[in-house]
Amino acid sequence: MASSAPADDTHFIAYKGSFRLFGLTLDDCIRVFFGGNAVVSIIVLALITYFLFREGSGFFGQNRDNLTVYRHAGLEYVDFIRTQQDDHAALTRYLSDLRVRQFTHYTMEKGLSLAQANAALASFDDFAGQYGDTVEPIRTLVSDLTEQATAIKEKFTVMEDKKVERTQLLAAGKEAEAAAVRIVPIDFVVELKPILGTLPAYREASAEFAKRLTAVLADAPAMPARELQTRMERFQQLNAEYMAGFPAVTRNLETWDYNKPVPVTQAFSSFLFGRQWLTASFWQDWYGVIPLVVGSIMVSLVALIIAVPLGVGSAIYINQIATPLEQKFIKPCIEFISAIPSVVLGFFGIAVLGQALRALSQVSWLSWVPGFPYSERLNILTAGCLLALIAVPTIFTLAEDALNNVPRAFKEASFALGATRLQTIIRIIVPASLSGIISAVLLGLGRVIGETMVVLLCAGNRIAIPDFTAGLAVITQPVHTMTGIIAQEMGEVVHGSIHYRALFVVGMLLFFLSLAINYAAQRIVRRYRISIG
Amino acid sequence: MSAAATHPFQPQPSAARRSESAIFWLFRGATYFVLLCGAVVFLNIFVKGSRTVFQTQAPFVNTAFFTESPESLYVFQWQGQKMELGDKEFRAFKEKNPAAANVKAESYVYCAGGIFPCIVGTVLLVVGSMAIALTLGVSAAVYLNEYARDGTFIRFVRLAILNLAGVPSIVFGLFGFGMFVIFFGWNVSLLAGWFTLAFMVLPVVITASEESLKAVPKGFREGSLALGATKWQTIYKNVVPYALPGILTSSILGIARVAGETAPIMFTAAYVVRDKLPWQVDHFSDFFFQGVMALPYHIYVVSSKIPQNEYTERVQYGTAFVFLFIVALIATASIVLRSKLRNRYKW
């Protein structure tokens, strides 16, 4: 009787999964739902990559077209001569710098009044004026050629627009209107003839220029001091080098061929290694990312130089030296600092820090600091200081974690051997956690490179490679950064234009840079971890 | 009794000891220098901002600043007096005094009125994006902690989370612009901003949730399973409720991040100026497809996009004050709640 009862009583049999969806039980469905959510992070990462590529990949084709037009319309040809003119302008700037130095020499060291100093400089001014005028034949030529080349480019752009118009009309099915759009293909050979015809004129102008230069340089005035005299000699030498480059320019012009195809690689290299980011220009747009990359790196470097000692130092302090009370108070405070929104910090930089640092730079007993005094309120230094405040909490938190993970036994063993606290910290604790500290620094770098608002507001936003000849004073120059340029120009560009796509490519660069930094940080943690325990 | 303090093991003053203490002071100095910098930023904004936000007469708070939209400020001379009036007041003033109709007034954009639409916009952005991020993040964490077994797939997921955490916010902005604004055609809208911000804080939420789930002892699950509960019942009744306070408090830090970011909403959700408030829409669905003003973007606009003058400082510092106050409040709440929670749950 007892043995037959369980077989009849179906109440005790558990029915697992009476509910089925696509053959899955309820629990399976729930599992799939949660699993799906876990995949979201992979999907998002993939989507970011996809959409950056989708919007950005067209850039390289467009850039190649852009460069082709640059060549076809003869802009490249004119730029050979223009470079010559620009180099001359750079030399003129050297002269004016020399004048300033002489002026200070006269007023400061010889004690002359302003009027006397100016009088003493009269012959030099005369020389500088003559030197500036020597370029005249070239300048006239360039301005003529500029107009012609721009006209050709303009014509070409109009034709391109018409082509687009026609395809649009055709797509809309308006064939009659499409046929009415007249497209005259541009014969570059004919168009370029007047430009190329100026070659003899150029040869003449160049020879005249060289002759005048030599004549002017022959009677350069003597300098009042030895230091200035060496500068003058340097100037003469620069001029000699400059003039030695003239035949190369002529050769470039002679061998120039408008029909030489622009290689595909140049579309990439002119972006990755281009030294100019110039948009909405009447002449030629350049999308070279180097000034932006250099700007980003300089700003991050300054930030890290400030933030690493502070962040790691305070992590060591809190973890090893501080009293429990200090620990309890300071850790949340630093976390609090990390919560300050970057736009507020940027605003603080504009409103307070920029002026404060500039005022500091003008204090006379600090004038030995390279770059001090400076006049640009917003520059690498200002942005770097603020970014340091952003990086410190990141570095602090991660480095403190790394220090925390060092087993107590290490410390105790060290003390037992008679080491002092400092020796223990420097020889035992820090080396044992070095991998963690380095990855903390790297993640801090990632944070700083990706930071937008602070650099947008405080880095000065001048798109140019800073002048590294200034030595350390380079940190007082304004720059523009990769993040900053996206934030600043994205709102103003035409959707689908080359400029728009260029910004996406910059974003792509940033994305991969951040992935690389992240990867490096993880690698270092895994690879150089001292086996603990 | 100085003699009593001396014993054979008492540290002797030496050069090594002196240099040690000097180096310790260096470390201490670094720490307090960081705190000082933070304090300077806070104090500067709180002191200068409080001039805009507070006032000397009752109700002591500048209510107009919190309840009105940004307006242009008009400054003019009237009967020997310098008048500073906002746009609406200026018009009312002109109607009241017909003689003032042609008065020459200098206008300063955004320098009068308040920041009510910005506060509303920020709150909407935070609420929406956190709702999305918490749903996705907590579910993902539940999977990672409760269901998943170690394997290639899980390694990939963890790698993706780790890398997502390092992607610059401006790249999220670009992505949101490319996907939601352009590809989905949502234009500059709340919805686009929500998703962009949600994806940005996702790693923070997942990590925080996983940690809280991990803190729930294994015995809770085993006990439940032993009583015959299914996996889902176990998670639903015996794991998530105990982890939830931890999840929420840790996610508050994510809220601070969402509220504080400017770059991702610049092209996805934020307007420089908008007259209508978010609920003034014709259709219910329009609510999701409208851009909003937001506090961080407003700070950016007033501090760099408009001409600077003596009147802009008021609105700049006022906005920065309110914004920093909100973010600081959120951060404090998270820190305090977390330390409380740590003391309460001991398994």
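Here are some notes on this two-chain predicted model, from the overall layout of the chains down to individual helix pairs.

1. Let me start with the shape of chain B. Its C-alpha trace spans about 85 × 75 × 35 Å along the principal axes. The radius of gyration of chain B is 27 Å, where a compact globule of 347 residues would have one near 20 Å. In secondary structure, chain B holds 13 helices and 3 strands.

2. The domain assignment splits chain B into domain 1 (13–61), domain 2 (71–113) and domain 3 (116–344). Between the centres of domain 2 of chain B and domain 3 of chain B, taken over C-alpha atoms, there are 42 Å. Their contact involves 5 residues from domain 2 of chain B and 7 residues from domain 3 of chain B. On the domain 2 side, strand β3 (residues 106–113) of chain B supplies the largest share, 4 residues. That side of domain 2 has 5 nonpolar residues, with no polar and no charged ones.

3. Chain A is also divided into three parts: domain 1 (26–56), domain 2 (63–270) and domain 3 (295–527). Taken over C-alpha atoms, the centres of domain 1 of chain A and domain 2 of chain A are 53 Å apart.

4. Now to where the chains meet. Which helix of chain A gives the most to the side that touches chain B? In the contact as a whole, 71 residues of chain A face 66 residues of chain B. The helix that gives the most on the chain A side is α2(A), with 20 residues. Sorted by class, the chain A side has 49 nonpolar, 16 polar and 6 charged residues.

5. One helix pair across the chains deserves a look: helix α2 (residues 26–56) of chain A and helix α7 (residues 169–183) of chain B. Their axes are 9 Å apart and the packing angle is about 70 degrees, so α2(A) is roughly perpendicular to α7(B). The crossing is left-handed. From α2(A) the contact uses Leu47(A), Ile48(A), Phe51(A), Leu52(A), Arg54(A) and Glu55(A), while α7(B) brings Val171(B), Leu174(B), Phe175(B), Gly178(B) and Met179(B). In this contact 8 residues are nonpolar, 1 is polar and 2 are charged.

6. Within chain B, helix α5 (residues 116–147) and helix α10 (residues 231–260) have axes that come within 9 Å and cross at roughly 140 degrees. That angle makes α5(B) oblique to α10(B), and the crossing is right-handed. Among the residues of α5(B) in this contact are Val126(B), Met130(B), Leu134(B) and Val138(B), and α10(B) contributes residues including Ile235(B), Val239(B), Ile247(B) and Ile255(B). The classes come to 12 nonpolar, 4 polar and 1 charged.

7. A further partner of α10(B) is helix α9 (residues 218–226) of chain B; the axes come within 9 Å and cross at roughly 160 degrees. Is the pair parallel or antiparallel? Because of that angle, α9(B) counts as roughly antiparallel to α10(B). This crossing is right-handed. Phe220(B), Arg221(B), Ser224(B) and Leu225(B) of α9(B) meet Thr234(B), Lys237(B), Asn238(B), Val239(B) and Tyr242(B) of α10(B). By class, the contact has 4 nonpolar, 3 polar and 2 charged residues. If you are browsing the model, Val239(B) is a handy place to pause: this residue of α10(B) is in contact with α5(B) and with α9(B).

Technical notes:
Residues are numbered from 1 along each chain as its sequence is written. Chains are lettered from A and ligands numbered from 1 in the order in which they are written. This is a predicted model: local features need pLDDT of at least 70, side-chain atom pairs count only at pLDDT 80 or more; totals for chains, interfaces and linings use all residues. Domain bounds come from an automatic or database domain assignment. Helices (H or I, at least four residues) and strands (E, at least two) are DSSP runs, numbered from the N terminus. Ala, Val, Leu, Ile, Met, Phe, Trp, Tyr, Cys and Pro count as nonpolar, Asp, Glu, Lys and Arg as charged, and the others, Gly among them, as polar. Axes are lines fitted to C-alpha atoms, for helices over the stretch in contact, and angles run from 0 to 180 degrees between N-to-C directions. Angles under 35 degrees count as roughly parallel, over 145 as roughly antiparallel, 65 to 115 as roughly perpendicular and the rest as oblique. A crossing is left-handed if the near helix is turned anticlockwise from the far one by less than a right angle, and right-handed if clockwise. The radius of gyration is taken over C-alpha atoms; the globule rule is 2.2 Å times the number of residues to the power 0.38.
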